[in-house]
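Let's take a friendly look inside a protein. Have the structure open and turn it as you read.

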Amino acid sequence: MWEREGRAFSMYKRMPSRDRSDVMDVEENSAFSQDSMDVETTNPSMWLSFPHVVVGTLSSFLFGYHLGVVNEPLESISLDLGFSGNTLAEGLVVSTCLGGALIGSLFSGWIADGVGRRRAFQLCALPMIIGASTSATTKTLAGMLIGRFLVGTGMGIGPSAVALYVTEVSPASVRGTYGSFIQIATCLGLMVALFIGIPVKEIAGWWRICFWVSTIPAGFLAVAMMFCAESPHWLYKQGRIAEAEAEFERLLGGSHVKYAIVELAKLDRGDDADTVKLSELFYGRHFRVVYIGSTLFALQQLSGINAVFYFSSSVFKSAGVPSDVANAFIGVANLSGSIIAMLLMDKLGRKMLLLWSFFGMAISMLVQVAAANTFVSGSASLYLSVGGMLMFVLTFALGAGPVPSLLLPEIFPSRIRAKAMAICMSVHWVINFFVGLLFLRLLEQLGPQLLYSMFASVCMMAVVFVKKNVIETKGKSLQEIEVALLPQE
């Protein structure tokens, strides 16, 4: 007991004077229920935070939609805008969006910390609306590239914002489940993008409608965020304790507010308001978690998954499979894996899903290698090619897809969380950009056997990396995880 009081007094001395009265109120109230504060006996209702999480994951839906929106109509776009047969220009239509996403991701952490999580979502939606409108109305390749770049900046802000928001507003008991919503929303966005063209294929310039459709959920996200809860973690960092308590009450229920505030106070070193320097993220006590996060995203992208999403139509067409059929199966496989991951995330844990996901992806790529073997007959090659790609998407959605964006905000300390996410997402987008730009050319020059073998090797490297470096965060509060990774000095 004396140790507890000593820690509280030490924390009190380090806090700004404007916050001390709030903390004293917390301490006075906690005195009447000390035992219940030390051990949380009941979990908050998941339904209080549910609508806020759903609105936040609209950004993930838009992310998935814009990843896949040019997949099917790319050929029609190239014909209408006059660059048909130019593989470099086709690659730029895909990759310019990713270049914009890199720019957005570089600033995403500073935006999320500077204006809050809710306004970060609104700043994510705005360039998506402007960019999609530009792409929908353009008559030149340059106009298409400008529109895709603007959309990309919004896509760069979105993943960091939603990962931070979902992690910080979700109860620990269902944080993994809610984190899986990000992948499910991304998957649904991809599926809608793939299917949206089917009823309008007979309309001249039908691809323009595909871009216009995306402005609807983007506008809804910008408006709905005005009515959602702000992250109480962010509010606490700003010294707005009373507002943080009010948002905790909206998200967790009144009986859990004091416990949540005291948990945040345990890790307060009085330096949350200080500017986070980039040097802190690249060496010293924070290097390990940033290294783990960056490497996980790098391995995720180098596994070849986005090459599958961007160019699945082209790959399946070479295998003799109609693109609409192929896209339908890919969408179903992705959604099925995401739903299974949602059910298992808080049962098996993040690390287990990552291990088996990357291992399954490696096996799937080896099946693709076998399909490309000249000794395999035509019908067998067809079945192996389609089966291997579907198995790859399914196993990706089980772990490698949803887990990194959930795990990284969990393992990053509160003070550096947004900036560290920005660094890791920047690594994600740099690699994503070059995969989108070079995949078709590498496929032509190296051949499918060598290229898919390289992807399989990356997946096995990921298995080893996860085994050695990733910790399990299932069922732990963000404060417990921070203590485990960064012991108090």
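This report looks at the cavities and then at one phenylalanine.

## Empty spaces inside

Please keep in mind that this is a predicted model. How do we find gaps in a crowd of atoms? Rolling a probe the size of a water molecule over the atoms shows where empty space is left.

In this structure, there are five cavities of 30 Å³ or more. The volume of the largest cavity is about 340 Å³.

## Walls of the largest cavity

A total of 26 residues line the largest cavity, and those nearest its centre are Phe63, Gln183, Thr186, Gly401 and His428. Sorted by class, the lining has 13 nonpolar and 13 polar residues, with no charged residues.

Try finding the helices around this space. At least two lining residues come from each of helix H5 (58–68), helix H9 (141–169), helix H10 (175–195), helix H17 (287–302), helix H18 (305–318) and helix H23 (417–446). Why does the largest cavity lie between domain 1 (45–229) and domain 2 (276–488)? Both domains give residues to its lining, so the cavity lies between them.

## A look at Phe83

Now find the loop between helix H6 (74–81) and helix H7 (87–115), where Phe83 lies. Is Phe83 buried or exposed? Its relative accessible area is 5%, and buried means under 20%, so Phe83 is buried.

Which residues does Phe83 touch, leaving aside neighbours within four places in sequence? Phe83 is in contact with Ile77, Ser78, Ala89, Glu90, Val93 and Leu141. Thr140 is 57 residues from Phe83 in sequence, and their C-alpha atoms are 9.4 Å apart in space.

Key. Residues are numbered from 1 along each chain as its sequence is written. This is a predicted model: local features need pLDDT of at least 70, side-chain atom pairs count only at pLDDT 80 or more; totals for chains, interfaces and linings use all residues. Side-chain values use heavy atoms; hydrogens and water are left out. On a 1 Å grid over the protein atoms alone, a cavity is a set of points where a 1.4 Å probe fits but cannot get out, and a pocket is an open set with protein on both sides within 12 Å along at least five of seven lines; lining residues have an atom within 4 Å of a point. Grid points are joined across faces, edges and corners, and a volume is the space filled by probe spheres set on the points. Helices (H or I, at least four residues) and strands (E, at least two) are DSSP runs, numbered from the N terminus. Ala, Val, Leu, Ile, Met, Phe, Trp, Tyr, Cys and Pro count as nonpolar, Asp, Glu, Lys and Arg as charged, and the others, Gly among them, as polar. Domain bounds come from an automatic or database domain assignment. Buried means under 20% relative accessible area, exposed over 50%, partly exposed in between (1.4 Å probe, protein chains only). Contact means heavy atoms within 4.5 Å.
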